[in-house]
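The exercises below are meant to be worked with the sequence and the model side by side. Try each task before reading its solution.

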Amino acid sequence: MSIKLGLLRIIDFFNLIRKRLLAFLDTLGLLAALSGFLIMLYHIGFGHETEELISIQRLYNIILCAIILSNVSGLFIKKWKVRDLRLRLSELAVIPLLLLILNARTGFTGVFWTQGLMLDFLTRNLAVYLIFLIALIIEVSTSTLKLKFRNTNPGLLFTFSFLFIIVFGTVLLMLPKATFHGIGLTDAFFTSTSAVCVTGLLVVDTATCFTPLGKLIIIALIQVGGLGVMTFTSFFGYFFKGGASFGNEFLLKELINEEKLGEIFKTLLKIILVTFSIETVGAVIIYYSLDSSGFSSHLSMIGFSSFHSISAFCNAGFSTLSQGLYQPGFRFNYNLHYVIGILVIIGGLGFPVIFNYYRLLKHFLKNKYHQIIGKKGYVHAPKIINLNSRVALITTLVLLLTGFVFFFFSEYNHSLKDLSVSGKVAGAFFGSVTARTAGFNTADMSLLAPVSVLLYLFLMWVGASPASTGGGIKTTTFAVAVLNFFHLSKGQDKIEVYGRELTKESVSRAFAVIFLSFLVISIAVFTLVLTDGQFNLSKIVFEVVSAFGTVGLSLGITAYLSIAGKWVLIITMFLGRIGTLTILVGIFRRLNRYNYHFLQKI
């Protein structure tokens, strides 16, 4: 008995040592990935002398050795589980590349000199950067799922994740090599907020102020801001870990608007795949719609296409052209305008709507295939399209059609005056689309008729659909408010749409969102009048509504605002993207805690 007890103690001792060693290796891997990423930013963001470059390369080697140590040791110490298989394989796949980099040309001497001359580090550095990014993604995403989010309010987590990315983006944009002539803190923070909140308002010219590195940072901020940082970290965490805790799954369920816990990873995967697929297809079509004579190389065409495809799908409105799509050489490229307009519409519909109608299309094609091959007849699947998707799509189409008709006639002899009929149609279509959170412009905004400015204000205020990349009060909120108005006019207590009843909570939430939107806009306008009263009131109102709706259209005063005025718009953009009600609920609502106990039957 004593021998057995002694063996158990020895086993417990070794298990304790293994757990502590695993914790050390996990910490080592995370610190190595973070250190490598920070040194990489220092490397590419600042200018360096030769001695500094040598020191940086030595630090790279040390960090890469730490990553190898963490991965190799972990493979032998960690338990191999089916759910962790992808994580183990990813660690295995990184090791050969790391060893190849460390021994490339130099035999792992740590100093890259040959006959007194430093070697070309381009190929090696790109590979090292890739390793650091992969390691950071793995470490951060898996560490995120280990955090205890069970009692964390989703609204607050959503808010702070955006705030963190904005601050981090500000630091990146202030790197010396991100701009040609430097940028101040306020302008960097404004640009980062505008990118993360997918707004598109500019205080500096993206084309002339930012270097290719700066533009890359901006488009990365747009991509992360459009989908949400928690979407990315949760997806990779699920992918590598194979699951999450029950409490984290409840939190993710709220963040991505998924009804079923078992479908969380599939929904995350679909969001990522659909986003990158649409953006890739959009970039290819944009590439072939361009005139190569306006670019210095095919690489610049690829960069332009990718940047504008991501910016359009995320409803950001950022452009690498100083005058936007109104710039000569692009002003009359109507194919380009239509492609960007369609990307904006798809991105503004929202992922639940896209997935819902995808299921309908899949069901239809499957039935047609079975009918053609004679396997079986048509099989009806009831209620594939839910009420939210139907209302969002119909409201979107009504707003687009109304805006198109209105702009066509109101701007016929104004901003569209010098265009052909086909050009007027394209301009009216794009004007209707871009007003709803996109922010691109194919016309001179200073030529807009006053009545068109009023319609712009309305469309910017309504914005896109829920769970989309756009802002505004949302199409469904506006639709619920309109439906409630008509039902109250008829003396009806219940709101029924397509045979389904809207809950009182939905109606109350809609009017709360509308009230808060007017409150935020009013306070922002009042404050801007105090800080920048030299501008016309109509321009100030337009600027504020554009910021709140995360649209990005401007009547030309953004860059000339005072520092206080810029911070007013920063806060307005943030509130418009996150949602004022979301922040208030996150602050004041306490999560329900259920304490269960078992009754013993006697």
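**Exercise 1.** Which side chains meet in a salt bridge, and what is the distance from N to O?

Solution. This is a predicted model, and side-chain atom pairs count only at pLDDT 80 or more. Begin with the count, which is one salt bridge in the structure. The partners are Lys566 and Asp187, whose side chains meet at 2.9 Å, N to O. Next, place the two partners: Lys566 lies in helix α21 (residues 563–578) and Asp187 in helix α6 (residues 185–196), so the pair ties together parts that are 379 residues apart in sequence. Finally, consider exposure, for which buried means under 20% relative accessible area. Lys566 has a relative accessibility of 10% and therefore counts as buried, and Asp187, at 18%, counts as buried too.

**Exercise 2.** Determine which residues touch the most other members of the largest nonpolar core, and which helix gives the most to this core.

Solution. The largest nonpolar core has 126 residues, and within it Ile222, Ile340 and Phe542 touch the most other members. Helix α17 (residues 450–462) gives the most to this core, contributing eight residues. To see the surroundings of one of these members, take Ile340 and leave out residues up to four places away in sequence; what remains is contact with Ile286, His308, Ala312, Leu325, Phe430 and Phe440. A second core, separate from the largest, has nine residues, among them Val391, Ala479, Val480 and Val507.

**Exercise 3.** Classify the ring pair of Phe295 and Phe304, and then that of Phe408 and Phe409.

Solution. A pair of aromatic rings is described by the distance of the centres and the angle of the planes. The cut-offs needed are centres within 6.5 Å for a pair, and planes over 60 degrees apart for edge-to-face. The total under this rule is 21 aromatic pairs. For Phe295 and Phe304, the centres are 5.3 Å apart and the planes stand at 65°, so the pair is edge-to-face. Phe295 counts as buried because its relative accessibility is 17%, and Phe304 counts as buried at 4%.
For Phe408 and Phe409, the centre-to-centre distance is 5.3 Å and the angle between the planes is 85°, which again gives an edge-to-face pair. Here Phe408, at 16% relative accessibility, counts as buried, whereas Phe409, at 61%, counts as exposed. Ring pairs also link Phe408 and Phe409 with Phe404 and Tyr412 into a cluster.

**Exercise 4.** Find the nonpolar patch on the surface that includes Phe160, and state the helix in which Phe160 lies.

Solution. The patch is formed by Phe160, Leu163, Val167 and Val171, which together have about 350 Å² of accessible area. Phe160 lies in helix α5, spanning residues 154–173.

**Exercise 5.** Consider the backbone angle phi at Val198 and Lys474, and decide whether each residue is buried or exposed.

Solution. For Val198, phi is near 45°, a positive value in a residue other than glycine. Val198 is found in the loop between α6 and α7 (206–209), and with a relative accessible area of 0% it is buried. Lys474 is not a glycine either, yet its phi is positive, at about 90°. Lys474 lies in the loop between α17 and α18 (475–489), and its relative accessible area of 18% makes it buried.

Key: Residues are numbered from 1 along each chain as its sequence is written. This is a predicted model: local features need pLDDT of at least 70, side-chain atom pairs count only at pLDDT 80 or more; totals for chains, interfaces and linings use all residues. Side-chain values use heavy atoms; hydrogens and water are left out. A nonpolar core is a set of buried Ala, Val, Leu, Ile, Met, Phe, Trp, Tyr and Cys residues joined through side-chain atoms within 4.5 Å. Buried means under 20% relative accessible area, exposed over 50%, partly exposed in between (1.4 Å probe, protein chains only). Helices (H or I, at least four residues) and strands (E, at least two) are DSSP runs, numbered from the N terminus. Contact means heavy atoms within 4.5 Å. Patches are made of residues with over 30% relative accessible area and no salt bridge: like charges are joined within 9 Å, nonpolar side chains (Val, Leu, Ile, Met, Phe, Trp, Tyr) within 5 Å. Accessible areas come from the Shrake-Rupley method with a 1.4 Å probe; for residues, only the protein chains shown count as cover. A salt bridge is a side-chain nitrogen of Lys or Arg within 4 Å of a carboxyl oxygen of Asp or Glu. Rings of Phe, Tyr and Trp (its six-membered ring) pair if their centres lie within 6.5 Å; planes under 30 degrees apart count as stacked, over 60 as edge-to-face and the rest as tilted.
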